[in-house]
Amino acid sequence: QVQLVESGGGLVQAGGSLRLSCAASGRAFSTYAMGWFRQAPGQEREFVAAISMSGGSSGYADSVKGRFTISRDNAKNTVYLQMNSLKPEDTAVYYCAADYRPPTQWRYYSSGGSEYDYWGQGTQVTVSS
């Protein structure tokens with residue numbers, strides 16, 4: 001079992017920045033690839049970014065590429081999402097998720113939500129225009 005707790009959301013003006021954190025407890029954090037997803041009102045959940053268990057590989061949705069950066073600190077059991085140049089369309093509840101992977105898949109990460117085993121409760125990000 002892994003428990004995930006997101007923090008760092010809030011209200012920010014367009015063009016501003018926020019840094020989301022996701023603290024994990026339970027089973028060894030370094031055995032999980034981690035992802036960030038978001039869901040806006042009335043819309044389906046969508047992939048934002050993901051990072052491999054080693055931190056050496058990462059991927060982004062086209063909508064956030066060049067503005068968002070995912071990173072992780074395995075010593076602190078935490079994954080981060082640095083969000084810059086925020087736009088009103090980034091407004092959503094942001095969720096972090098954990099995807100258990102065997103050691104041979106240390107470079108793997110997924111953009112598919114169905115592959116993730118554990119989810120946090122979400123943190124609201126609101127970007128005003």
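**Exercise 1. Place the side chain of Q124 in this predicted model, and say which side chain it makes a polar contact with.**

Step 1. In this predicted model, the side chain of Q124 makes a polar contact with the side chain of T126, at 3.3 Å. A polar atom of the Q124 side chain also lies 3.5 Å from the backbone oxygen of A92.

Step 2. Next comes the location of the residue. Q124 is found in strand 11, and with a relative accessibility of 40% it counts as partly exposed, because that value falls between the 20% limit for buried and the 50% limit for exposed.

Step 3. The surroundings can then be listed. When neighbours within four places in sequence are left aside, Q124 is in contact with G9, G10, T91, A92 and V93. The C-alpha atoms of Q124 and E6 are separated by 9.6 Å, although the two residues are 118 residues apart along the chain.

**Exercise 2. Decide whether T123 is buried or exposed, and describe what surrounds it.**

Step 1. T123 lies in strand 11, which covers residues 123–128. Its relative accessibility is 10%, so T123 counts as buried, the limit being under 20%.

Step 2. Leaving aside the neighbours within four places in sequence, the contacts of T123 are E6, S7, G8, G9, L20, A92, V93 and Y94.

Step 3. A polar atom of the T123 side chain lies 3.3 Å from the backbone nitrogen of G9.

**Exercise 3. Work out which strands pair with strand 3, and in what sense.**

Step 1. Strand 1 (residues 2–7) pairs with strand 3 (residues 18–26) in the antiparallel sense, over six bridges. Within this pairing, V2 stands opposite G26 of strand 3.

Step 2. Strand 3 also pairs with strand 8 (residues 78–83), again in the antiparallel sense and over six bridges. Here L20 has L81, in strand 8, as its bridge partner.

Step 3. A general point helps in reading such strands: in a regular strand the side chains alternate between the two faces of the sheet.

**Exercise 4. Find how many disulfides there are, and say which parts of the chain are tied together.**

Step 1. The count comes to one disulfide, and it joins C22 to C96, with an S to S distance of 1.8 Å.

Step 2. C22 lies in strand 3 and C96 in strand 9 (residues 92–100), so the pair ties together parts that are 74 residues apart in sequence. In general, a disulfide is a covalent bond between the sulfur atoms of two cysteines.

Step 3. C22 is buried, with a relative accessible area of 0%, and C96 is likewise buried, with a value of 0%.

**Exercise 5. Classify the ring pairs that F37 forms with F47 and with W119.**

Step 1. The structure holds six aromatic pairs. In one of them, the ring centres of F37 and F47 are 5.7 Å apart and the planes stand at 70 degrees, so this pair is edge-to-face, the cut-off being over 60 degrees. F37 belongs to strand 4 (residues 32–39) and F47 to strand 5 (residues 46–51), 10 residues apart.

Step 2. F37 is buried, with a relative accessible area of 2%, and F47 is buried as well, at 16%.

Step 3. For F37 and W119, the ring centres are 5.0 Å apart and the planes stand at 55 degrees, so the pair is tilted. This pair links F37 in strand 4 with W119 in strand 10 (residues 118–119), 82 residues apart. W119 counts as partly exposed, at 28% relative accessibility.

Step 4. Taken together, ring pairs link F37, F47, Y116 and W119 into a cluster.

**Exercise 6. Find which charged ends sit over the rings of F37 and F29.**

Step 1. Over the ring of F37 sits the charged end of R45, 5.8 Å from the ring centre.

Step 2. Over the ring of F29 sits the charged end of R72, 4.4 Å from the ring centre.

**Exercise 7. Decide whether P103 is buried or exposed, and say where in the chain it is found.**

Step 1. P103 is found in the loop between strand 9 and strand 10.

Step 2. The relative accessible area of P103 is 64%, so this residue is exposed, the limit being over 50%.

Step 3. The C-alpha atoms of P103 and S30 are separated by 9.5 Å, while the two residues are 73 residues apart along the chain.

Technical notes. Residues numbered from 1 in each chain as written. Predicted model: local features only at pLDDT ≥ 70, side-chain atom pairs only at ≥ 80, totals over all residues. Heavy atoms only, no water. Phe/Tyr/Trp six-rings, centres within 6.5 Å; stacked < 30°, edge-to-face > 60°. Helix = DSSP H or I, 4+ residues; strand = E, 2+ residues; numbered from the N terminus. Buried < 20%, exposed > 50% of the residue type's maximum accessible area, 1.4 Å probe, protein only. Lys NZ or Arg CZ within 6 Å of the ring centre and 35° of its normal. Pairing = 2+ DSSP bridges. Polar contact = N/O pair within 3.5 Å; in protein donor to acceptor, adjacent residues only side chain to side chain. Contact = heavy atoms within 4.5 Å. Disulfide = S-S within 2.5 Å.
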